[in-house]
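Trainee: Could you take me through the sheet in this model, and what packs on it, in some detail? I would like one connected account that I can follow with the structure open.

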Amino acid sequence: MVIPADERHAVRMRLLVDYTSQSFGSEHPSPFGSSIYDATTGEVVAEAYDTVMRGCDPTSHAEVNAIRKATTKRQRLSLRGCILYSTCEPCPMCMSACIWAELDAVVYGASTMEDANRYWPQSSDMTPRELSDRARLALSCELIPHVERGLCQQLFLHCDQVRAKRGLQLPPNRGQSLA
Ligand SMILES: [Zn+2]
């Protein structure tokens with residue numbers, strides 16, 4: 001039986017939410033997770049969550065981490081033929097990385113400004129659509145928004161509760177030393 005694309009996206013997003021919630025038991029709980037699938041074979045190529053705090057690296061967002069894992073694994077710069085999933089609408093840095101990586105599509109759950117920004121202050125309100133509309137590559141990156149959005153919203157809320165219970169400050173604490 002062939003599974004319709006939207007159901008396939010929903011299944012993969014639910015798996016990603018489970019994967020991302022594993023970070024809640026770590027030193028730096030994060031609701032931002034990303035996975036990359038081969039669109040033809042259905043194989044999971046990479047999974048990652050954000051490691052900004054762990055690595056003291058403001059560029060280590062989940063999507064960038066997943067792209068790095070996938071290109072390293074495949075030893076190819078292009079991820080043409082692959083789909084990236086993210087629990088949240090990609091920021092301009094991550095969407096640019098998706099375009100550079102030539103991903104076929106980006107599927108995301110929560111919205112940046114309406115959802116994520118309630119818990120994690122966002123540095124930009126430029127939408128991934130604005131960036132993808134200006135991509136100059138022959139094949140552009142399709143955007144599929146709000147897949148399992150409610151589940152991703154719950155992930156953000158749950159992460160906030162975990163952080164509050166443990167007395168963790170909201171990142172990024174940009175002016176403070178992480179040491
Ligand atoms: Zn990002």
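Mentor: Strand 1 and strand 2 are joined by five bridges and run antiparallel, where strands are DSSP runs of E of at least two residues, helices are DSSP runs of H or I of at least four, both are numbered from the N terminus, and two strands count as paired if DSSP finds at least two bridges between them. This is a predicted model, in which local features need pLDDT of at least 70 and side-chain atom pairs count only at pLDDT 80 or more, while totals for chains, interfaces and linings use all residues. Residues are numbered from 1 along each chain as its sequence is written.

Within that antiparallel pair, Ser34 has Ala48 of strand 2 as its bridge partner. The sheet as a whole is open, with five strands in the order 2-1-3-4-5 and mixed pairing. Strand 2 and strand 5 (142–144) are at the edges with a single partner strand each, so one side of each has no neighbour in the sheet. From one strand to the next, the twist averages 15 degrees. Strand 3 and strand 4, by contrast with the antiparallel pair, run parallel and are joined by five bridges, and Cys88 stands opposite Ala110 in strand 4. Five of the six residues of strand 4 are buried, buried meaning that 20 or more other C-beta atoms, placed from the backbone, lie within 10 Å of a residue's own.

Turning to the helices, helix 3 (residues 62–74) lies across strand 1, strand 2 and strand 3 and runs at about 145 degrees to strand 2; such angles run from 0 to 180 degrees between N-to-C directions, with axes fitted to C-alpha atoms, for helices over the stretch in contact. The buried residues of helix 3, among them Val64, Ile67 and Ala70, pack against strand 1 (33–38), strand 2 (44–49), strand 3 (82–88) and helix 4 (92–100), a contact being two residues whose C-beta atoms, placed from the backbone, lie within 7 Å. After helix 3 comes Gln75, with a positive phi near 50 degrees.

Helix 1 (residues 5–21) and helix 6 (residues 149–165) pack at an angle of about 5 degrees with their axes 10 Å apart, and they are therefore roughly parallel, a term for angles under 35 degrees. Arg14, Val17, Thr20 and Ser21 of helix 1 meet Leu151, Cys152 and Leu155 of helix 6 in this contact.

Key. Angles under 35 degrees count as roughly parallel, over 145 as roughly antiparallel, 65 to 115 as roughly perpendicular and the rest as oblique. A residue is buried if 20 or more other C-beta atoms lie within 10 Å of its own, exposed if 12 or fewer, and partly exposed in between; C-beta atoms are placed from the backbone.
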